[in-house]
Amino acid sequence: MPTREPVSRSHSANILVIDDETRIREACTYVLTDRGFQVSSASDGEEGLSMIAEHHFDLVLVDLMMPTISGFDVLSEVRKNHPDTVVIVITGYATLEHSIEAMKKGAFDFIPKPFTPDQLRAVVDKSLQYTNALQDIAESKSRLKVMVNRLTEGVLTTDSNKLIVQANRAFLHMMGYHGEDVIGRDVSSVIEHAELLEAIDETLAMTPANFAELTNELSFQEEGGEKYYSSRCSPFRGKSGSNLGTITVLHDITALKKMDQMKSDFVSMVSHEIRSPMNSLLMQLKIIMDGLAGEVTDKQQEILERASGKILNLNNLVSELLDLSRIESGLIGHEKEIVDMGKMLQEQQKFYSPYGDKNNISILLQTPDDLPPILANPQNIEEIFSNLLTNAIKYSPKDTVV
């Protein structure tokens, strides 16, 4: 069968007139040619079908009652093999029964004999407008299909019965499906992942009052290793708000997961390398504070204890970094306790005063006598004031009070 180009507004329509009456064929040819259309004619159904098989016609006008092959048979053949061709039936028996039967077989319209040139022009113009509308829809669907198939994300759409309406190549590849066409098949014949099937079920079960996008992280075991996808499943709603189906989008996040793992491994290694020398330093300070390296004055003992406390806090912070996955998921628990703010601020002042004295910066502490304790994490509170005092000493001009 030859390649058949669809009708386009950029050229005049090709029209075929099939009628066993010469005067009808000649009249139609004259009227339609005068309108700029390319018109061919056939004297019976057999000749008409032969011409249709060889050339594409945008519009066919066919007489219902002809010898050998009737107009009904021609209509059925055209609708079966050339669905983009519009058919108008011509009949001298303009009964309701014939009209209904012609419409059932796929005729766009009918025109009764005898008809005037204006009637012929009107019915042809209406049919070509219909053809152009169909072409617009077909072109839009074609562009949408091409666009969806070019996406790197996997896209699946279903109807309300979980039958597949569209599935692009990326989605089928992600599902590991390489079989026949999936359009019209149940999603379970393509998707084996229970969590994804459950998301589609939940989406279809959403009431008109509810609209939500269900997100999941899916993992698939493949020959080249484990693959990770983020999925987003949303309902597709009609004007009444009822679910017409679902739209599912899959995005490959395997590279991101691997990068996260590399980052976690790196932080874990660095944290371990930092914690080891800090533990050694704590042990050395303990030896000095215990007097095993010589006599220690009270002032030295106080300074060493503060330094040891700071190193211990830093060591605890590094321990939290070792559990990076819990930090990222917000699961790190910060235990709270009653903190005496006055005492804590006094300790901070004593610890940072020697550093301030080197730059002629005085740290002045003024606290009310009735300053109440607070419920907080002591380490976090110390870090806050430690940063404030460090920045104050570092960036304040000399001979100032902070």
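Let's start with Phe110: buried or exposed? Neither, quite, because its relative accessible area is 26%, and that makes Phe110 partly exposed. The cut-off for buried is under 20%, and exposed means over 50%, so Phe110 falls in between. Keep in mind as we go that this is a predicted model.

So where does Phe110 sit? You'll find Phe110 in strand S5, which covers residues 109–112. Now look across to Ile90. Along the sequence, Phe110 and Ile90 are 20 residues apart, but in space their C-alpha atoms are 5.8 Å apart.

Okay, on to helix H11, residues 341–358. How far apart should its ends be? Take 1.5 Å a residue: the 18 residues of H11 should span 26 Å, and the end C-alpha atoms are indeed 26 Å apart, so the two agree. Still, there's a kink in H11, of about 40 degrees, and you can find the kink at Tyr352, shortly before the proline Pro354.

Let's look at both ends of H11. At the start, Asp340 has a side-chain oxygen that comes within 3.2 Å of the backbone nitrogen of Gly342. After H11 comes Asn360, with a positive phi, near 55 degrees.

Which residues of H11 are buried? They are Met341, Gly342, Met344, Leu345, Gln348, Phe351, Tyr352 and Gly356. Here's a bit of background for reading that list. In an α-helix there are 3.6 residues a turn, so residues three or four places apart point the same way. Try it with Met344, Gln348 and Tyr352, which are among the buried ones.

Last stop, pockets. The largest pocket holds about 300 Å³ of space. It has 14 lining residues, and the closest to its centre are Leu144, Thr157, Val165, Gln166 and Phe236. What supplies the lining? Helix H5 (117–150) and the strands S6 (154–159), S7 (164–167) and S10 (243–252) each bring at least two residues. Sorted by class, the lining of this largest pocket has 7 nonpolar, 5 polar and 2 charged residues.

Then there's the second largest pocket, with a volume of about 230 Å³. Its lining also comes to 14 residues, and the closest to the centre are Lys145, Asn149, Ala167, Asp181 and Ile183. Here H5, S7 and helix H6 (169–174) are the elements giving two or more residues. Which element gives the most? That's S7, with 3 residues. And by class, the lining of the second largest pocket has 6 nonpolar, 4 polar and 4 charged residues.

Notes. Residues numbered from 1 in each chain as written. Predicted model: local features only at pLDDT ≥ 70, side-chain atom pairs only at ≥ 80, totals over all residues. Heavy atoms only, no water. 1 Å grid on protein atoms, 1.4 Å probe; cavity = no way out; pocket = protein on both sides within 12 Å on 5 of 7 lines; lining within 4 Å. Points joined across faces, edges and corners; volume = space filled by probe spheres on them. Helix = DSSP H or I, 4+ residues; strand = E, 2+ residues; numbered from the N terminus. Nonpolar A, V, L, I, M, F, W, Y, C, P; charged D, E, K, R; others polar. Expected span 1.5 Å × (residues − 1). Bend = angle between axes of the 7 residues up to and from the residue. Buried < 20%, exposed > 50% of the residue type's maximum accessible area, 1.4 Å probe, protein only. Polar contact = N/O pair within 3.5 Å; in protein donor to acceptor, adjacent residues only side chain to side chain.
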